Amino acid sequence: MSCASSVAAASSCRGVRVQHAAVRATRGGKAAVGPAARRCSGVGGGEMRFPRDRRGVVARATDSPHPEADVIFEQIRKLQEENEKLKQDLGDAAKAVLDKVTEELPLPEGKAAEAKKALSYLGGASSKDAYLGMTMPYFGDGELQADFSKYDKVDAARAKVASAEAAKGEHSSTSTGVEPRPPPEYTKTETPMSIVFVSSEVAPWSKTGGLADVCGSLPRELVKRGHRVMVVSPKYITGKAEDSLFEASFDTNSNTKVGCFGDSHEVGFYHQVKEGVDFVFVSHECFKRQGGLYGDSYGVYGDNQFRYTLLSHAACEAPLLINFGENLGTYGDEVVFVANDWHAGLVPLLVASKYRPWGTYKNARTVTTIHNILHQGAEPATTFGNLGVPDDWYSCLEYQYPEHMRAHELDLGLVVNILKGAIATSDRVLTVSQGYAKEICTPTGGCGLETMLEERRHRLDGGVNGI
């Protein structure tokens, strides 16, 4: 290649680089000039190739200016002019608003000029462009600006009224126009009762779901209506932060021994009063272990039948043994037991089989509340002798799984079903809603107990859920 050809190719390459940089500068308002060391090669009449925006597209350019370059440069110029006009409009609107604010401020005579001067320096300059340094909204021009001002006045007036009502302690309406619901009024009952809730968990001491919330809140509402309420639940020690909540409870010194699982087991009772409710926690070594309430990372605890059999026996003794002080005494045997789910399901059966035949709890009533019928406390039939229930009451707990639910062909599917025994021996059966009461009477929702529930439908009802 001659010296003249080399000079011409180099000049053409530089011209293309400058042109390419100008084109890329228009994208997004940012300078997107590529590396200075872009390669260019001359072939024949000086035609060159270079990568464009790293998208795999190859652009071509010649020694002559690109025909679209002038159009692009004209668009850049127009955008700059529009930007300057927008800046001018914004500055004028912001200055007008701030001038109006300083005029309406209740400033002493002679101080208005000083205020304007101080505001002019907020943007770092003394002209109207200084107002662009503030985060002011764009109010538009003419009627649009007047509409914004009118809106601001209405909004300010509403805020002033709401502030005045709040100062008076009045209940202001919400943005939807609905007045807040007044606090509930509690009417004392004419027939107060002694009610004993038995639950495997109660908030805030122990909780895995809604059962704990119900047994932690419903008793407080019943107390407000004049009832005397006790909640019996295990004293769990699981190595978690909730363990510290039991520190406020005190030992009642009412230890007793209960017979189950072929032995006599001693349990203790700890008492704590909260909002008028007597919370009683059953203490035993089986409730003290690391992990969850019903299981750990390895699965469900293998001795859950023992743990909640113990809870049910202890709950039946608590109203008879624990003395809650002068003028209160024990709850006695004329109580209403509310057994929640299978964990407390032996309470109705024990009251019916162990206490009533001997004259105790003969005027007591039992209610079984079903929160989740899927969990029924079913264990092999051979464990019946561990429950501490008289032998002639076995039929209340007897249950046989259908063939498709058995482990193998030789499995007869015979189990003791604690929830079934609770339904069979309770005076009333409740569920968490009226809809759920209907659902569990169907084959789809009954989980194998729908036939018994349908037979006891005259004793079945559901609570009314509230918000």
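A contact is taken here as heavy atoms within 4.5 Å of each other. In the predicted model examined here, I370 touches, apart from residues up to four places away in sequence, D341, L419, I423, V429, L430, T431, V432, Y436, I440 and L453. Contacts of this kind may also be considered over the whole chain, where residues 24 or more positions apart account for 65% of the contacts with a separation of 6 or more. The chain has 467 residues, of which 37% count as buried, and its secondary structure comprises eleven helices and 17 strands. The chain exposes about 27700 Å², and carbon and sulfur atoms supply 54% of this area.

In soluble globular proteins, nonpolar side chains tend to be buried together. In the present model the largest nonpolar core contains 61 residues, and the members that touch the most other members are V232, I370 and L453. Helix α6 provides the largest share of this core, namely eight residues. A second core, separate from the one just described, consists of 17 residues, including F197, V229, F281 and V338. The contribution of α6 can be set beside the accessibility of the helix, since 16 of its 18 residues are buried and the helix is thus mostly covered. The geometry of α6 was also compared with expectation: because a rise of 1.5 Å a residue gives a span of 26 Å for its 18 residues, the distance of 25 Å between its end C-alpha atoms agrees with that value.

Strand β7 (residues 263-274) pairs with several other strands, among them β5 (residues 250-251), to which it is joined in the antiparallel sense over two bridges. Within this pairing, D251 stands opposite Y270 of β7. Strand β6 (residues 256-260) also runs antiparallel to β7, and five bridges join the two, with H265 of β7 serving as the bridge partner of V258. These two strands form a hairpin with two residues between them, and F261 in the turn has a positive phi of about 55°. On its other listed pairing, β7 is joined to β8 over seven bridges, again in the antiparallel sense, and H271 stands opposite V280 in β8. The strands β7 and β8 likewise form a hairpin with two residues between them, where E275 in the turn has a positive phi of about 55°.

Backbone conformations in the loops were considered next. N253, a residue other than glycine, has a positive phi near 55° and lies in the loop between β5 and β6; because its relative accessibility is 67%, N253 counts as exposed. F261, in the loop between β6 and β7, is partly exposed, with a relative accessible area of 25%. The peptide bond from A203 to P204 is cis, with omega near 5°, and P204 is found in the loop between β3 (194-198) and α5 (210-224).

Side chains of opposite charge can pair when their charged atoms come close. The model holds ten salt bridges, one of which is formed by the side chains of K207 and D213, with a distance of 3.1 Å from N to O; D213 counts as partly exposed, because its relative accessibility is 33%. In another, the side chains of D303 and R289 meet at 2.8 Å, N to O. This pair links distant parts of the chain, 14 residues apart, with D303 in the loop between β10 (299-300) and α6 (304-321) and R289 in the loop between β8 (277-283) and β9 (295-296). D303 is partly exposed, with a relative accessible area of 23%, and R289 is also partly exposed, with a relative accessible area of 23%. A further salt bridge joins R356 and D427, whose closest N and O atoms are 3.3 Å apart. Because R356 lies in the loop between α7 (346-355) and β12 (365-370), while D427 lies in the loop between α9 (418-425) and β16 (428-431), this pair ties together parts that are 71 residues apart in sequence. R356 is partly exposed, with a relative accessible area of 24%. Elsewhere, salt bridges that share partners join E74, R77 and E81 into one network.

How values were computed: Residues are numbered from 1 along each chain as its sequence is written. This is a predicted model: local features need pLDDT of at least 70, side-chain atom pairs count only at pLDDT 80 or more; totals for chains, interfaces and linings use all residues. Side-chain values use heavy atoms; hydrogens and water are left out. A salt bridge is a side-chain nitrogen of Lys or Arg within 4 Å of a carboxyl oxygen of Asp or Glu. Buried means under 20% relative accessible area, exposed over 50%, partly exposed in between (1.4 Å probe, protein chains only). Helices (H or I, at least four residues) and strands (E, at least two) are DSSP runs, numbered from the N terminus. Accessible areas come from the Shrake-Rupley method with a 1.4 Å probe; for residues, only the protein chains shown count as cover. Two strands pair if DSSP finds at least two bridges between them. The expected span of a helix is 1.5 Å times one less than its number of residues. A nonpolar core is a set of buried Ala, Val, Leu, Ile, Met, Phe, Trp, Tyr and Cys residues joined through side-chain atoms within 4.5 Å.
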